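Thanks for coming. I will go through one structure, a part at a time, and you can follow along on the screen.

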Amino acid sequence: MERHKGLTPHPIDRRTCLGALAAPMMAAGWASRPYQASSSTPRLLFTREELDRMRGRATHPQLARLRAAVLGKANRYTTAPPLVPSITGRGEPDPPGEDKGLSCARALQGRVVTLGMAWELTGEARYLESAVAQLEHAVRDWRIWVDTAHPPPFDLMTGELSLTYALAIDWLLLAVPAERRAPIVDGVVRRALDAYLQAIESPKPPGWHAGKNNWNTVCNGGAVMLALALQGMGRVGESQGRAGSPSPATGIADKAARVLAKGVPAMDPYWNHLGPDGAWDEGTGYWRYGHRYALMAAEALRRAGHPAGDAIFARSGVRQTGYFPIVFNPGRTLSASFGDSNGRAADAIFYFLGATYRDPAFIWYQDRVEVPRQREGWPDEALALLWRPVDEPWLPERQRDYVPAIPAAAVFPSIGWALLAPRQPDPAHFLAFKNGSLAASHTHLDLNHVSLAVGDTFLLLELGSRPYPADYFRADRRYGYYEIGTRGHNTVLVGGKGQVHRREGRLLPLVEKDGVQVLTGMADDAYEVATPIARRHVVALDERQAFVVIDEIETAAAQSIELRWHTGGAWAVGERGAAVVTNGAARAAIRTLALGTGARLEVESPDGWIRPVQVLRAVVEPAPRHLVATVIVPNAAEAPTLSLARTEDGREIVVRVGERQLRFVTTAAGGLQVR
């Protein structure tokens with residue numbers, strides 16, 4: 001077995017090891033009271049007993065691929081170049097061998113936890129040595145612990161580093177002699193714990209401290225876990241340096257207590273923002289980011305006996321929240337989410353949720369994720385080894401022909417999002433519908449946007465976001481970016497103008513009659529142009545095999561309107577409002593009809609987006625009142641005929657799709673229901 005100076009070799013009885021460390025810790029001035037070694041350390045996310053069980057079951061058929069991925073990555077990390085955070089600004093190129101600060105913080109967490117798990121699995125001290133050396137390098141040599149895109153003294157980078165060092169203090173550094181451990185801990189207290197207190201105890205704390213987005217839990221959650229780790233390790237007295245001089249970490253007990261007193265309740269606004277349906281208005285990408293740190297902090301609090309931990313897991317929204325990304329990440333490759341960084345959510349946190357609530361759907365979803373994930377970052381496989389349950393009767397592999405119960409018409413009223421498909425999971429096609437609040441973090445000006453995919457191919461596309469430029473979040477510049485403004489979405493422009501930041505939309509409840517389902521998105525008074533009525537009704541026909549989109553627009557003065565439909569494929573325009581969109585082998589047919597004046601179809605390739613895209617524009621001439629119907633048929637080469645009428649009193653809308661006639665009445669809430 002390879003041995004490295006200063007490290008405890010493995011395999012060992014780690015509880016014996018921890019007891020043996022108490023004396024050298026005291027000799028090095030680690031704490032003013034003896035370190036109480038027990039099986040409660042580590043304790044933040046796992047115990048010594050849980051690590052031992054993980055090692056024993058790591059060759060289980062359900063875990064073998066994770067074990068192989070951990071060891072493969074750990075071997076690469078032992079010889080990888082050191083991580084060097086760049087001091088260039090957001091959007092600027094980095095010097096060779098450097099990367100942005102937040103990326104380095106994330107990669108460090110991946111390296112440290114993966115290397116630590118490889119040490120647990122094999123007993124090879126070289127893995128622990130590499131992890132500790134990288135912790136030393138980051139705390140000693142990194143020029144920044146705050147990403148250059150963010151203001152100091154504490155940000156997402158610092159929050160992620162706080163969690164990394166919390167796990168190391170709680171776990172790996174217990175096997176390191178005190179004289180080597182102390183500078184690491186003193187450094188993280190100075191660069192993270194002190195920085196957090198400087199930020200949140202200032203006369204004007206940063207907005208993230210009590211915010212409702214991912215910043216809250218990454219920053220507060222990371223700091224809370226660091227405080228818990230320092231308390232749990234026993235460094236709770238007045239640490240003394242040489243010759244009795246105070247160390248930089250003097251008063252750590254007070255600092256940790258202040259962090260917990262401020263940080264734990266500061267996460268309440270985040271959790272209160274999570275509705276009982278578990279949906280998250282930042283989208284699935286930021287669901288992963290914010291919830292990853294939120295749930296780990298909650299679990300650490302629960303294990304520490306803090307009542308906030310159990311209270312979080314008792315929330316119905318937390319119990320349900322794993323279903324939100326499952327619905328909006330249909331199939332194996334696509335994300336039907338909206339807004340910035342709207343990629344798929346794939347994380348070991350699904351295993352944690354599955355084990356916590358004994359819900360096989362969450363296990364099933366994460367099992368389908370490719371392993372190993374090649375990009376350097378969070379330690380998904382390492383945490384999955386701990387959190388993925390095996391040999392329990394409720395697990396998907398123990399149930400014959402298991403399929404999760406995901407509704408084909410899934411509506412999340414707390415945020416105004418919906419997804420309609422013929423069936424779930426792995427739908428042949430789906431339509432995603434977006435309403436909600438234009439004040440949500442990372443939202444675009446996209447009320448009543450519609451996306452459509454056939455199989456694993458988008459036909460009507462949500463553009464998402466580009467790599468964040470320096471001014472992407474500046475209020476005076478953000479909404480000039482094509483993909484953020486209304487013009488860059490599959491919705492309606494009024495008088496050539498779009499929607500307004502912070503305006504509120506509303507998705508009405510799904511109504512169903514005679515096999516016809518109707519969803520209504522309300523965007524009344526959400527436009528730059530005075531538009532007291534701006535409503536889009538999505539009508540699903542024949543078990544969601546076809547859709548009719550009905551737009552009602554009323555303006556204070558006569559205005560033109562324009563329906564926009566983006567594709568990464570190609571549009572072919574036919575006659576009488578017909579068009580076909582194709583992308584590879586996938587296709588869909590549409591037909592648009594405007595009451596009275598008709599609609600003019602045009603195809604353009606807009607400027608301002610970073611990838612090729614075509615937009616079908618359905619332009620309707622100025623009028624104070626508009627009614628437009630669009631039929632969308634996935635997998636069809638030609639759309640059915642379409643007719644549209646409204647009764648004289650305006651209370652009924654009649655749509656004929658092919659040979660089928662649909663009569664709708666307006667509800668008191670402003671929606672439509674089948675008569």
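**Rings, cores and a few single residues**

Let me begin with rings: Phe324, Phe328, Phe338, Phe412 and Trp417 make up one aromatic cluster. Keep in mind throughout that this is a predicted model. Counted over the structure, there are 27 aromatic pairs. To describe such a pair, one gives the distance of the centres and the angle of the planes.

Charges can also sit over rings. Arg106 is placed over the face of Tyr289, with 4.8 Å to the ring centre. Arg478 lies over the face of Tyr472, and there the value is 5.5 Å.

Now the strands. Trp417, from the aromatic cluster, is in strand S2, which covers residues 417-420. Are the two faces of S2 covered or open? Both are covered: Trp417 and Leu419 are buried on one side, and Ala418 and Leu420 are buried on the other.

S2 has strand S1, residues 409-412, as an antiparallel partner, and four bridges join the two. One of the residues to look at is Ala409, whose bridge partner in S2 is Leu420. The hairpin of S1 and S2 has four residues between the strands, and in it Gly416 takes a positive phi near 80 degrees. S2 is also joined to strand S3, residues 429-434, again by four bridges and again antiparallel. Opposite Trp417, in S3, stands Lys434.

Next, the cores. In soluble globular proteins, nonpolar side chains tend to be buried together. Which residues have the most contacts inside the largest nonpolar core here? They are Tyr165, Met225, Phe328 and Trp387, in a core of 144 residues. Phe328 was also named in the aromatic cluster. Leaving out neighbours within four places in sequence, Tyr165 is in contact with Leu108, Gln134, Leu135, Ala138, Val139, Trp145, Ile184, Val188 and Leu226. Another core lies apart from that one; its 43 residues include Leu459, Ala586, Val620 and Ile632.

Now two residues that touch each other. Thr114 is in helix H4, residues 101-122. Thr114 counts as buried because its relative accessible area is 2%, and the cut-off for buried is under 20%. If we ignore residues up to four places away in sequence, Thr114 touches Val70, Lys73, Ala74, Tyr77, Pro379 and Ala382.

Pro379 is on that list, and it lies in the loop between helix H16 (360-367) and helix H17 (380-387). Is Pro379 buried or exposed? It is buried, because its relative accessible area is 1%. With the nearby sequence positions left out as before, Pro379 touches Gln109, Gly110, Val113, Thr114 and Arg292. For Pro379 and Gly187, the C-alpha to C-alpha distance is 23 Å, and they are 192 residues apart in sequence.

Last, the cysteines. A disulfide is a covalent bond between the sulfur atoms of two cysteines. How many disulfides does the structure hold? The count is zero. Cys104 is in no disulfide, and the nearest cysteine sulfur, that of Cys219, is 17 Å away. A disulfide needs the two sulfur atoms within 2.5 Å, so a pair at that distance does not count. Cys104 is buried, because its relative accessibility is 2%. Cys219 is in no disulfide either, its nearest cysteine sulfur being that of Cys104. Cys219 also counts as buried, because its relative accessibility is 0%.

That is the end of my part.

Methods: Residues are numbered from 1 along each chain as its sequence is written. This is a predicted model: local features need pLDDT of at least 70, side-chain atom pairs count only at pLDDT 80 or more; totals for chains, interfaces and linings use all residues. Side-chain values use heavy atoms; hydrogens and water are left out. Rings of Phe, Tyr and Trp (its six-membered ring) pair if their centres lie within 6.5 Å; planes under 30 degrees apart count as stacked, over 60 as edge-to-face and the rest as tilted. A charge sits over a ring if NZ of Lys or CZ of Arg is within 6 Å of the ring centre and within 35 degrees of the ring normal. A nonpolar core is a set of buried Ala, Val, Leu, Ile, Met, Phe, Trp, Tyr and Cys residues joined through side-chain atoms within 4.5 Å. Buried means under 20% relative accessible area, exposed over 50%, partly exposed in between (1.4 Å probe, protein chains only). Contact means heavy atoms within 4.5 Å. Two strands pair if DSSP finds at least two bridges between them.
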